[in-house]
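Me: Please take a close look at the disulfides of this model. Walk me through how they are placed in the chain and how well they are covered.

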Amino acid sequence: MRAMRYAAWALAGAGVLALLLVQCGAAGGSPAGPAAGRGFNATDVMFLQMMVPHQGQGVRLVRMARGRPVRPEVATLTAAIETTQLSEIQSMTARLRVWKRPRAASAHEHAAHGGMPRTTEAELEALARAPAGRFEREFLNLLIAHQDDAVQLARMETGGGRDPWTRRLAVNVDRSRSAQITQMLAWLAAGPR
Amino acid sequence: MRSPRSRRVAAAAAAVPAATMVTVLTNSPPAAAHGSMSDPPSRVYVCKNEGPESPDSAACKAAVAVAGTQAFYDWNEVSLLEAGGRHREIIPDGQLCSAGRAKYRGLDLQRTDWPAKRVSPGTFTLTYHATAPHSNSNFEFYITRAGWAPSMPLRWSDLVHLRTFVNQNPTTFTQWTINLPQRTGRHLLYSIWQRVVGSAEAFYTCSDVDFGGGTTTPPPTSPPTPPPTSPPPTSPPPTTPPPTTPPPTTPPSGGTWAAGTAYSVGATVSYNGISYVCLQAHTAIAGWEPPNTPALWRTA
């Protein structure tokens with residue numbers, strides 16, 4: 001069970017960041033390779049390819065709060081996270097399509113860094129089983145960790161990406177997720193609902 | 001039982017056309033970096049080994065109660081991608097063990113009962129566990145100053161530099177030998193793994209060590225923080241950072257968009273001279289400006 005949980009959330013962690021990191025290392029902020037001359041580089045591509053599944057997983061996570069005992073502010077925030085991240089997924093996917101790049105990184109790259117998580121079922125089920133008195137806290141902690149990883153992904157792009165649209169997106173991912181984390185920490189510090 | 005890794009590999013392989021794989025393979029990167037200090041074990045390593053779902057020590061229980069289990073599944077990623085040697089600029093005092101990351105904030109708990117390895121002054125060999133070692137890295141090692149105690153926040157000025165090994169090529173388990181100075185009681189061995197080539201990423205570790213003879217170690221029968229067997233899951237421990245976010249305000253319709261404001265469906269705002277209508281109730285935050293969030297706002 002632990003292994004499965006780890007597998008599920010490795011997306012947010014090891015596999016995803018490792019890939020992005022290394023790819024950025026390969027790109028190094030100096031556009032090269034097949035993307036050279038087209039206004040985007042390997043870091044842009046990898047950022048989007050990593051963010052699409054990461055965002056998708058985030059959407060699944062925030063949907064866990066539906067119908068569960070959370071304070072109204074939490075419900076409002078998570079509903080807004082759901083729609084904004086779905087919208088971003090559409091934009092990012094469209095960008096990759098324009099660039100004629102696959103929606104996700106290759107199996108080889110994922111395999112080399114722990115693999116592409118297939119499912120988050122185990123983790124989400126554990127959260128779903130959390131008793132009412134613990135649900136909100138466990139939910140917020142998972143979401144904080146998830147968005148904290150998104151901030152790291154975004155900073156890779158702002159550090160090594162080239163495409164202005166993608167860089168702007170990363171800046172806004174960084175700012176909005178950081179603000180969400182601040183808000184969620186404040187709710188946790190304020191005590192249970 | 002198949003390992004999670006093989007399952008994920010199989011799934012990913014099935015999802016990607018072979019032609020695509022070949023294309024990307026030509027640019028495929030080398031292994032990425034991940035790791036933490038395993039001896040003396042870092043706080044995240046201790047709790048990971050105890051098991052994120054059922055930690056044994058009061059300190060790990062408290063860390064999970066405060067910040068959840070995710071940090072310990074991702075134990076080898078207490079890192080900052082953009083560090084590039086600017087550790088002291090980007091990690092605030094008091095948050096050195098978490099690298100300033102909310103996900104890892106449980107590691108910053110100021111407790112005197114973190115499991116600690118007994119050590120003595122003099123030659124000391126430590127071990128670093130890199131699940132994804134990366135060549136050409138610098139490893140810096142520090143010890144807390146005499147007079148520091150784990151009940152205090154860890155600040156950069158509390159760290160005394162011991163040794164830096166540059167341009168290292170770590171393996172999965174790498175050992176370095178350093179000299180520990182005279183100290184009394186509990187201290188922290190702090191490390192920074194700074195990648196040099198290909199990434200600005202750095203990794204941070206806090207390992208509790210005990211030189212003995214100290215007065216900071218409490219008697220084992222009276223832990224100072226939540227009881228080991230039943231941390232109160234629904235109330236935050238006293239060490240949680242204080243909230244700083246003001247409550248949302250409700251504005252008159254038609255004003256200028258502002259972070260911290262609660263908007264309901266149909267509310268109108270102006271942003272950079274353009275009028276927008278709110279599509280979904282939310283509290284505005286930085287990064288969710290109307291032109292950035294078509295899911296939340298449309299132009300009026």
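Reply: What follows covers the disulfides and then a small sheet. The model is predicted. A search of the whole structure finds two disulfides over all chains.

Take Cys47(B) and Cys60(B). A disulfide joins them, with S to S at 2.1 Å. The pair links distant parts of the chain, 13 residues apart. Cys47(B) sits in helix α3 (residues 43–50) of chain B, and Cys60(B) in helix α4 (residues 58–67) of chain B. The link is left-handed, with -90° about the S-S bond. Cys47(B) has a relative accessible area of 1%, so it counts as buried. Cys60(B) is buried too, at 0%.

Now Cys97(B) and Cys206(B). Their S to S distance is 2.1 Å. The torsion about this S-S bond is about -85°, so the disulfide is left-handed. Cys97(B) lies in the loop between α6 (87–90) and β3 (117–118) of chain B, while Cys206(B) belongs to strand β9 (residues 202–210) of chain B. The bond therefore ties together parts that are 109 residues apart in sequence. Both Cys97(B) and Cys206(B) are buried.

Counting bonded cysteines along chain B, the pattern is 1-2, 3-4.

Another cysteine, Cys278(B), is buried at 2% relative accessibility. Strand β12 of chain B spans residues 274–278. Three bridges join β12(B) to β14(B), and the two run antiparallel. Here Tyr276(B) stands opposite Thr299(B) in β14(B). The open sheet has three strands, in the order β11-β12-β14 (chain B). β11 (268–271) and β14 (297–299) of chain B each have a single partner strand, so one side of each is left without a neighbour in the sheet. Neighbouring strands are turned by 40° against each other on average, direction ignored.

Methods. Residues numbered from 1 in each chain as written. Chains lettered and ligands numbered in written order. Predicted model: local features only at pLDDT ≥ 70, side-chain atom pairs only at ≥ 80, totals over all residues. Heavy atoms only, no water. Pairing = 2+ DSSP bridges. Helix = DSSP H or I, 4+ residues; strand = E, 2+ residues; numbered from the N terminus. Axes fitted to C-alpha atoms, helices over the stretch in contact; angles between N-to-C directions. Disulfide = S-S within 2.5 Å. Buried < 20%, exposed > 50% of the residue type's maximum accessible area, 1.4 Å probe, protein only.
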